[in-house]
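Me: I should like to learn how to read the features of a structural model one at a time. Could we proceed by question and reply?

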Amino acid sequence: MHTLQPKHIKLKSDEVKQLFEKYNISAAQIPKIKLTDPALPEGCQMGDVVKIERSFRDATRIYFRVVV
């Protein structure tokens with residue numbers, strides 16, 4: 001992984017459930033990321049949710065993507 005590449009973390013099923021309940025959303029409402037994206041961690045499958053942590057100035061911003 002390159003030092004400038006944001007950290008990609010595959011969420012566990014219970015974490016995904018908490019995320020959906022917290023924001024009252026479904027997987028269809030989350031932006032997509034392709035399974036062939038080289039930044040994805042090993043072992044990702046279609047339908048998995050990935051948490052992306054990007055450093056921006058002094059803060060870390062968190063984004064979520066569903067693997068398609």
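Me: Let us begin with backbone geometry. Where in the chain is N24 placed?

Reply: N24 lies in the loop between α1 and β2. Please bear in mind throughout that this is a predicted model.

Me: What is the phi of N24, and what kind of value is it?

Reply: The phi of N24 is near 55°, which is a positive value in a residue other than glycine. The residue is classed as exposed because its relative accessibility is 69%, and the class of exposed residues begins over 50%.

Me: Which loop holds R57, and what is its phi?

Reply: R57 sits in the loop between β3 and β4. Its phi is positive, about 55°, although the residue is not a glycine. R57 has a relative accessible area of 76%, and it is therefore counted as exposed. The turn that contains R57 belongs to a hairpin formed by β3 and β4, with 2 residues between the strands.

Me: How does one read the sheet to which these strands belong? In what order do its strands lie?

Reply: The general idea is that strands of a sheet pair through backbone hydrogen bonds, either parallel or antiparallel. In this model the sheet is open and has 4 strands, in the order β1-β3-β4-β2, and its pairing is mixed. The edge strands, each pairing on one side only, are β1 (7–10) and β2 (32–33).

Me: Which sense does each pairing take, parallel or antiparallel?

Reply: One may take the pairings in turn along the sheet. β1 and β3 run antiparallel and are joined by 4 bridges; within this pairing, K10 has V50 of β3 as its bridge partner. β3 and β4 also run antiparallel, with 8 bridges between them, and here E53 stands opposite I62 in β4. β2 and β4 (residues 59–67) pair in the parallel sense over 2 bridges, with V67 in β4 as the bridge partner of I33.

Me: I turn now to side chains. How many salt bridges does a search of the whole structure find?

Reply: The search finds 3 salt bridges. One of them joins K7 and E53, with the closest N and O atoms 4.0 Å apart. That pair links distant parts of the chain, since K7 belongs to strand β1 and E53 to strand β3 (residues 49–56), 46 residues apart.

Me: Why do K7 and E53 fall into their accessibility classes?

Reply: The partly exposed class lies between the limits of 20% and 50%. K7 is placed there because its relative accessibility is 44%, and E53 because its relative accessible area is 21%.

Me: Which acidic partner does K10 have, and at what distance?

Reply: K10 meets D48 in a salt bridge, at 3.5 Å from N to O. This pair, too, links distant parts of the chain: K10 is in strand β1 and D48 in the loop between β2 and β3, 38 residues apart. K10 is partly exposed, at 36% relative accessibility, whereas D48 is buried because its relative accessible area is 17%, and buried means under 20%.

Me: Which residues are linked in a network of salt bridges?

Reply: The network links K7, K51 and E53. Within it, K51 forms a salt bridge with E53, the closest N and O atoms being 3.6 Å apart. K51 is partly exposed, with a relative accessible area of 21%.

Me: How should the largest pocket be described, and which residues line it?

Reply: One considers its volume, its lining and the elements that contribute. The largest pocket holds about 160 Å³ of space. Its lining is made up of L11, E15, Q18, L19, K22, Y23, K51, I62 and F64. Two or more of these residues come from each of α1 (13–23) and β4, and α1 gives the largest share, 5 residues. By class, the lining has 5 nonpolar, 1 polar and 3 charged residues.

Me: Finally, what are the confidence values of the model?

Reply: The protein averages a pLDDT of 92, and 96% of the residues score at least 70. Confidence is lowest in β3, at a mean of 92, and highest in β2, at 96.

Technical notes:
Residues are numbered from 1 along each chain as its sequence is written. This is a predicted model: local features need pLDDT of at least 70, side-chain atom pairs count only at pLDDT 80 or more; totals for chains, interfaces and linings use all residues. Side-chain values use heavy atoms; hydrogens and water are left out. Two strands pair if DSSP finds at least two bridges between them. On a 1 Å grid over the protein atoms alone, a cavity is a set of points where a 1.4 Å probe fits but cannot get out, and a pocket is an open set with protein on both sides within 12 Å along at least five of seven lines; lining residues have an atom within 4 Å of a point. Grid points are joined across faces, edges and corners, and a volume is the space filled by probe spheres set on the points. Ala, Val, Leu, Ile, Met, Phe, Trp, Tyr, Cys and Pro count as nonpolar, Asp, Glu, Lys and Arg as charged, and the others, Gly among them, as polar. A salt bridge is a side-chain nitrogen of Lys or Arg within 4 Å of a carboxyl oxygen of Asp or Glu. Buried means under 20% relative accessible area, exposed over 50%, partly exposed in between (1.4 Å probe, protein chains only). pLDDT is the predictor's confidence in each residue, from 0 to 100.
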